[in-house]
Amino acid sequence: MKRNLPLAYSRGSFHIRLNFGFSLIELLVSITLLSILAGVGVAGYRLSVRKQTMDAAYSQVTGLLRQAQANAQSGKKINCATTLAGWQVRFNATSVVLEESCASTYSVSIFELPLGVTLTTLPSPNPTLFRVLNRGTNVPSLTDIGLTGFNLTRTITVTATGEIR
């Protein structure tokens, strides 16, 4: 199959003009559009990673509270040689500690919050104690625990009966 190529006349003879490339304007427009799309994609990816980091921290803190609750309900002892008072969770700005409480307290698990995530609302009282055999908590009515980071906030509520929401 023959292709018809454009012809150009120059000084008494015909020359075949081959235009098989892109102009500078076409290249600049394409690069600009690709740069804009990449910028939007990177921003969306960063937001997604930050949200996942907050969700993971929320899940970890809630998990430690639920573990303290379950251990207290079952009367589980690890280090206590005396009567078990319960399991407690101690909070500070950058970490959460799961402790067994009897005559002394024993740290069982420590969770360091991810970089950029902090506890902004600490529970009152701190630590939150889950008493053995479903006898509730040391919380008067309810207390909120606030996690903040990356312009996102998550709240965990613990009630006097030991419910975690």
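**Notes on loops, strands and core**

1. F150 is found in the loop between β8 and β9. Please keep in mind that this is a predicted model. F150 has a positive phi of about 60 degrees, although it is not a glycine. Most residues other than glycine have a negative phi, so this spot deserves a look on your screen. F150 is partly exposed, because its relative accessible area is 28% and partly exposed means between 20% and 50%.

2. L133 also belongs on the list of backbone points. Its phi is near 55 degrees, a positive value in a residue other than glycine. You will find L133 in the loop between β7 and β8. Is L133 buried or exposed? With 59% relative accessibility, L133 counts as exposed, because the cut-off for that label is over 50%.

3. Next come two cis peptide bonds. One joins S124 and P125, with omega at about 0 degrees. The other runs from N126 to P127, and its omega is near 15 degrees. Where does P125 lie? P125 is in the loop between β6 (118-121) and β7 (128-131), and P127 lies in the loop between β6 and β7 as well. As background, most peptide bonds are trans.

4. Now to the strands, starting with β3. Five of the six residues of β3 are buried, so the rest of the structure largely encloses this strand. Which way do β3 and β4 run? They are antiparallel and joined by six bridges. Together they form a hairpin, with three residues between the two strands. Within this pairing, F91 stands opposite V96 in β4.

5. β3 has a further pairing, with β7. These strands pair in the antiparallel sense over four bridges. Here Q88 has L129 in β7 as its bridge partner.

6. S101 is a handy residue for tying these strands together on screen. S101 lies in strand β4, which spans residues 95-101. At 9% relative accessibility S101 counts as buried, because the limit for that label is under 20%. Leaving aside residues up to four places away in sequence, S101 touches C80, L84, A85, G86, Q88 and L129. Q88 and L129, the bridge partners from the previous point, are thus both among the contacts of S101.

7. The largest nonpolar core has 28 residues, and V61, L65, F91 and L147 are those with the most contacts inside it. Which elements give two or more residues to this core? They are α1 (24-74), β3 (86-91), β4, β8 (142-149) and β9 (152-159). The largest share, eight residues, comes from α1.

8. L147 is worth selecting when you explore the core, as one of the residues with the most contacts inside it. Not counting residues up to four places away in sequence, L147 touches M54, A57, Y58, V61, L113, V117, T118, L119, L152, T153 and R154. V61, another residue with the most contacts inside the core, is therefore a direct contact of L147.

9. Finally, have a look at the surface. L24, I25, L28, V29, L33, I36 and V40 form a nonpolar patch there, with about 710 Å² of accessible area together. V40 has its place in helix α1. How is V40 classed, buried or exposed? V40 is exposed, with a relative accessible area of 58%. Helix α1 thus holds V40 of the surface patch and also gives eight residues to the largest nonpolar core.

Key. Residues numbered from 1 in each chain as written. Predicted model: local features only at pLDDT ≥ 70, side-chain atom pairs only at ≥ 80, totals over all residues. Heavy atoms only, no water. Buried < 20%, exposed > 50% of the residue type's maximum accessible area, 1.4 Å probe, protein only. Contact = heavy atoms within 4.5 Å. Core = buried A, V, L, I, M, F, W, Y, C linked by side-chain atoms within 4.5 Å. Patch = residues over 30% accessible without salt bridge, like charges linked within 9 Å, V, L, I, M, F, W, Y side chains within 5 Å. Areas by Shrake-Rupley, 256 points an atom, 1.4 Å probe, with all protein chains shown as cover. Salt bridge = Lys/Arg side-chain N within 4 Å of Asp/Glu carboxyl O. Pairing = 2+ DSSP bridges.
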